Each structure stands twice: as structure tokens, then as C-alpha cells.
Amino acid sequence: MGRGRWRAVGSALWRSVAVWLVSTLTMLALAGILPDFQLQSDDGDSATRIAVTAALGAGAFGLLSSLVWPLLVRALLLVPALVLGLLAFFLNGSLLLLALGLIPDGRGEANAETAVVVAAVMSAVASATGGALAVRDDDAYRRRLYRLADRRRRRSEGSVGPVPPGTVFIQLDGVGHDVLRTAVGKGLMPTVAGWLGREGAPSHRLTPWRTDWSSQTGASQLGILHGSNHDVPAFRWYEKDTGEVMVSNRPASAAELQRRAVERTGDGGLLTLDGASRGNLFSGGAEQLALVLSMAARRGKENRSRAGYFAYFSDPANAVRTALSFVAEVGREIGESTRARIRKRRPRVSRGGLYPLIRAFATVVERDVVVAAVIGDMLAGRSAVYADLVAYDEVAHHSGPWGSDVEKVLQRLDRSLALIAKVAEHAPRVYRIVVLSDHGQSPGETFRARYGLTLGDLVRAGCGLPVPRKAQRTHSGAEARSTVRAALHRPVEEGAGEHRPARRAEPIVLASGNLGLVSFPDVRHRMTREEIDLRHPALLPTLANHPGIGFLLVRSAERGPVVLGARGSEVYLDEEDAESGDLGPLADFGPGAAEAVRRTDGFPHVADIMVNSWYDPLDGEVLAFEEQIGSHGGLGGAQAHPFLLSPLVLSAPLDEGQELVGAERVHEVLRRWLGEYRGAEVPLVGGVAAAAEGVAGAVDDSRHDGPAGTAFAAADPAVQDKTL
């Protein structure tokens, strides 16, 4: 063994002894502070004996944490991720109790609650001590860089020519182009500011792009990763041929959407060549998966969605650090929501129930695990990595796209980018870091808060169906009932005599941000405008003339897709008035609105009536049909304008003067970048059947009830149905 090897062993041994000593002192201090924690017998012991007991306890706890903790985490992979983070405290406390039980003569004793506190403090102190010693050990740091450089050299020697650069794609979910620019201008994101050349030469370029009509993660990420988001009309929609409601962030739906995209394109996705997918709805064809929803229902152990947590939580220090941050984030959310209520901020939505836990999961647990996985991918030298950080999107839904609450989230996201960039300097290959978003968010109060009824209530009123009495008393409800009476040329009876059609005839009304979908399930085909008018003559006028509705999309049997607005305004998308620039109700929604709506009209599963909310072009506000004050999913405002931040060493996303429109076009740009250094992408061998084989298994497995079917962040049905 050479001198360098002995030096490394000696350094590691010294750090272990130092951590042990600090842990011993920490245990002694806690024994003196906490009344329910003792390290001596009932008759009392000498100071030396107490110190020996503390040393034995600290050593036993350290060994158990190193040996037993990884096994506990792996055994708990079937526990929902949200619960696993909370269990970290109690599992660590159990290990401490076990360690105290190993001390001879029963001198170590603590109750369960105290054990949790002691274990958390000791893990945090041990982690901090070990990290500080490693940082201060220049020789150890230099040796690590030597190993990384040697790994890069060996990888280069094993290949023909130089090792091509890798690419890391980081998706900042929901961060719009304007939000990013403003955050950079306010100094909230210094890492991004440095890339854009705020204090020197720029290394990246910032490019805005425009989403499809369905401005939400399901449609955008499917298009970005798999090259097709055909037939994804919204975040959730009803499919008449199967009688099922598709929801983009449910495992079964995500698996089916990915299967359809692979079948349509004949290609596995953006990440098929040595790729990794982290924290995404879809796999992108990657072999390395962690927290990927479309694969969450697969039965194989290596494909289980929660397997991505093992590498992170197998380190007890990571678990405790994340758990402490989790608790702090819960407290932060409770404090923010309390201040919002006291100050009577408007708009405001409910932030109680499980939401503080859901927020903490998105902003702490998911972020920590995904960033750790990306770092591992880079140090392993993988060619392409795509990861989604959902923190901003989650908080902005309930706090709004701007304010002190989301500014803190943006600052933490920037720190994550800085960490990834720092690791890239020491990875075994050069990495190009691309940051992008899948959509933005538009502010505004909810439809229900402004008008006192939901979109479903308004649709039912327009159909002459009973609505809640509270909705009947609103101005909108009264107007809708008056429209029904006028259309039917007869009064609508109240109370017990009210007409109640068969249940199967009642419409299904779904919301995706400020986009609503109305379907009639007893009619197997898409109903035409003429059929709707014949069946419910007041429905379309009720919706189109409501002040909270921007426009409707229906299909005429005679003239094709037609957009309806207030006071009889309408435009037929396949006729000359649309081609000549007369956009009618779409005029306020900006360039490309007509084409986006026309494309959606051609989807097989588009709803009978597509409803886009009102939009104020002056302040960018929309009205969400869900309980969100920052929303996305339809047309109107910043929600349709995400960004693409790319290194200058890559070719420009598009020629000057052109506009990047649609997630499928973004996929083409990203694929071009991947091929610039490593050659053209190769379609899947074996055709479409081989491409879809893995996803089909996930679809089949997800039909079964069981723990795997509720993977990802969906510990509660309300989480699964949240618009991403």
C-alpha cells in the first residue's frame, strides 16, 4: 500500500474519530439539558463513567445508523414518499433507543419523544462535523478531484475520440419567462444572472416560447420528452370511448399517455441514449428512472417510483436534514397563510388541511431527492439528464405568481442550480446545463370567488338542471335560469316539481386551471353545435354571455370549428374570416390563439364544449375554475409563455425573427442539441411495438389496486388531482 493510500486511510480514520468525539460531547450535553435523557445508573456514576457511557452510546448509534438505516429505508420503499420523510425522525429515534439498550448495565435511558429529539440533533451535528472536516482537509479534496479526473481519462481512453459533452435539462415547473427576468432583475437568482452576463460575459441565452392551448405540465412535458402531445386537450378530460376521466398526474393516465406518444412517434423519447429521468411525469425513454410517474405502477423493484428515495434517505444525515427542513417549511406555510388571513389579502384561497404537508414535500423533499439524483447522474457521467423541480408551481398556485412567498422559493431554486453547476465542474465529462420551464402562471381570483358559483353550477343552470340554492341566489345563477326560461319559452319550475333528467344525461364538467371541459357522456360521439342547441337551447348562450367566460369552442356540423363569444360574437376557424385576421372572441388572447384552438379541435378526445375563462389583457389576470390564485391550463397571460435558457455553445434554438411555438417544437430543439456532439438520435430498434413495450406493462399494472398505483406525491387523492 503506497504512502498516499495510507494517508487517505489515516485521514478517514481521523475524521471518524473526530465525529465520534463530537457526537459523544453532544450526547453528554443533551443528557445535561433534557430531564428525560440520562446516561447513568439510578444510584449515580462518576464523571468518567458517564463519559464512557456517552462514548459507547454515540459509537453504537453511529454504527447502527451506518449499517441498519439503509436496510430500514429500503424496506419502507412501499411507504408513500410524503410519509417516509416524516418517518425519518421516528426511525432515527428508534435507532437511538436500540443503541442505548446496547450499553452495559442499562445506564442509557430515554423516553420515545426525547429519543427522537436526541437522535435528530446528533445526526445533524455529526453531518455538519464530517462535512466541515472534509472541506478543511485540502489533501482529501485534492485526491477526490484526482479520482474524478482519472475517471474522465479512463472513460476517454475506452472510447473512440474525445468524450462528447453531456447535457442536463432542469425544468423549473411553472416559472414563466417574465417571472424569470424579473427575478434576475431583483437579484433573487444570482446564478441565472451570471449565466446571462449581468456581471461579465454571458454564457447562456434566454429564449421565450409559447405553449399549446393546454398550458400545463402533462401536455408540455409529454411533448418535450416524447415529441408528441397529440390528443391531450387539458390536464384532465373525459374520454367517451372508454368512459374514463384521464388525469395527467395519475400513474395509469401518465403511463397511457406515454404509450400513445411512443406509438405515434415510433421513438422512445429524448433520453433513450444513456439518459436519466428524475421527478418527471414521463420517462423520455430513459433507462435510469427515479420518481417518474408513468413508471410508478410497474411491479419490478428496479422500476418502482420510490426507489429514487433510497439513495438519498439511506444516509441518516440526509434524512434528518431534509426532515428538519420539511418541518420548517410546514411552519413557514402556516405562518404565511395566517398572515394572509390577518391582512385580508385578496385574492386568497384555502391553504389548510394537508396543503402545508404537500407544499413541504414539493419544496423540500422532492427538491432534495431530485437534485441529489441529478448530481449522482453527473458524477456517473450519463449523457443526458432531465429533471423537474416543482416547488415554484406548487407554491404559486396558492400564494400567487408573485410575492415574498414565491420569491423565497425562486431563491432556493437558484441555489440548487448553483450546486448542480458546481458539481458539473468536477464531473467525468463536460456538461451543458439547459434550464427551461413547461408553462407560466397567470394571476387572478377564482371563478367561484368572483361569481359565487362554479363552472359546473353554471353549466347545470344552462341545462335546466337543479343547482345548489346558494348558486341559485347569485346574479349569475339568476341570469342563467332566465336564459333557460326564455330559450324554452316556458317557466322553469322550482322545488319538488323541477324537471330532473336521467342521471346519464347530465354533463360532466372538468376544470384544468382556467380551461373548462363539458362532455355529455350518453352521446358516444362529439356533439355538434346543432345537437347541443337542440338538446339544451340555453346552454351555449348562457356560457358565451357570462362575463367570466372568454370564449367557447364547439364544432358545427356544417361549418366546422367555431369560437363563440359574448353578444353573438363568433368566428369559424376554417373559413375566410379567421384567415383574414378577424378573430372575434380570440382577439384579446394574442397571436397564435386561433391556431392553438384549431389544433385542439382536431383531437379525438376534445370535449363537446371547451370553455376558456375571461382574460384581462391589461393586467394579465384570468379566472381559474379551480381553487387557485395562480393558474395555468388555458389561454390568457403569462401562463402560455415559459422560457428556454441554453448555453451559447449550443446552436440557437431558432433563426432570428422566428418564434418557438409548442412543446413538440421544443422537443425538436432539444434533440438537435443532443445530436450536435454525439451524432444523430437513433429510433428504437424493433419499431413501435418495442418502443411501447415497457410503458404498456406500466399501464397494465396500474389497473390493479395496490401501493404502487399511488406512487409519487399522491398520498391523498386531492394531490393526484392537483393541476401541475
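Here are some exercises on this predicted model, each with a worked solution.

**Exercise 1. Get your bearings**

Find how many helices and strands the chain has, and what share of its residues count as buried.

*Solution.* Start with the secondary structure: the chain holds 26 helices and 22 strands. Next, look at burial: 55% of the 724 residues count as buried. Then turn to the outside, where the accessible surface comes to about 30100 Å². Carbon and sulfur atoms own 56% of that surface. Last, check how the chain folds back on itself: of the contacts with a separation of 6 or more, 73% are between residues 24 or more positions apart.

**Exercise 2. A nonpolar patch**

Work out which residues make the nonpolar surface patch of about 270 Å², and whether Leu-21 is buried, partly exposed or exposed.

*Solution.* The patch is made by Leu-13, Val-17 and Leu-21. Pick out Leu-21 and you'll find yourself in helix H1, which covers residues 3–33. Now for its exposure: buried means under 20% relative accessible area and exposed means over 50%. Leu-21 has 48% relative accessibility, so Leu-21 counts as partly exposed.

**Exercise 3. Two salt bridges to compare**

Take the salt bridges Glu-256 with Arg-260 and Asp-267 with Arg-671, and say where the partners of each sit in the chain.

*Solution.* Begin with Glu-256 and Arg-260, whose closest N and O atoms are 2.9 Å apart. Both residues belong to helix H10 (residues 251–265), and they are 4 residues apart, about one turn of the helix. How covered are they? Glu-256 is buried because its relative accessible area is 10%, while Arg-260, at 23%, counts as partly exposed.

Now move to Asp-267 and Arg-671, which meet in a salt bridge at 2.8 Å, N to O. This pair links distant parts of the chain, with the two positions 404 residues apart. Asp-267 is in the loop between H10 and strand S7 (275–278), and Arg-671 is in helix H24 (residues 663–678). Both Asp-267 and Arg-671 are buried.

**Exercise 4. One more bridge, then a network**

Say how far apart the closest N and O atoms of Lys-422 and Glu-425 are, then name the residues that shared salt-bridge partners join into one network.

*Solution.* For Lys-422 and Glu-425, the closest N and O atoms are 3.5 Å apart. Lys-422 is partly exposed, as its relative accessible area is 47%. As for the network, salt bridges with shared partners join Glu-329, Arg-332, Glu-333, Arg-351, Arg-359, Asp-405 and Arg-412. Want the full tally? The count comes to 34 salt bridges.

**Exercise 5. A histidine and its neighbors**

Locate His-398, decide whether His-398 is buried or exposed, and list what His-398 touches.

*Solution.* First, the place: His-398 lies in helix H14 (residues 391–399). Second, the burial: with a relative accessible area of 14%, which is under the 20% cut-off, His-398 is buried. Third, the contacts: leaving aside residues up to four places away in sequence, His-398 touches Val-349, Ser-350, Arg-351, Tyr-355 and Ile-629. You may recognize Arg-351 from the network in Exercise 4.

**Exercise 6. A negative patch**

Name the residues that gather in a patch of negative charge on the surface, then place Glu-530.

*Solution.* The patch brings together Glu-530, Glu-531, Asp-533 and Glu-558. Glu-530 lies in helix H20, which spans residues 529–535. At 32% relative accessibility, Glu-530 counts as partly exposed.

How values were computed:
Residues are numbered from 1 along each chain as its sequence is written. This is a predicted model: local features need pLDDT of at least 70, side-chain atom pairs count only at pLDDT 80 or more; totals for chains, interfaces and linings use all residues. Side-chain values use heavy atoms; hydrogens and water are left out. Patches are made of residues with over 30% relative accessible area and no salt bridge: like charges are joined within 9 Å, nonpolar side chains (Val, Leu, Ile, Met, Phe, Trp, Tyr) within 5 Å. Accessible areas come from the Shrake-Rupley method with a 1.4 Å probe; for residues, only the protein chains shown count as cover. A salt bridge is a side-chain nitrogen of Lys or Arg within 4 Å of a carboxyl oxygen of Asp or Glu. Buried means under 20% relative accessible area, exposed over 50%, partly exposed in between (1.4 Å probe, protein chains only). Contact means heavy atoms within 4.5 Å. Lys and Arg count as positive and Asp and Glu as negative; His and the chain ends are not counted. The place of a charge is taken as NZ of Lys, CZ of Arg, CG of Asp or CD of Glu.
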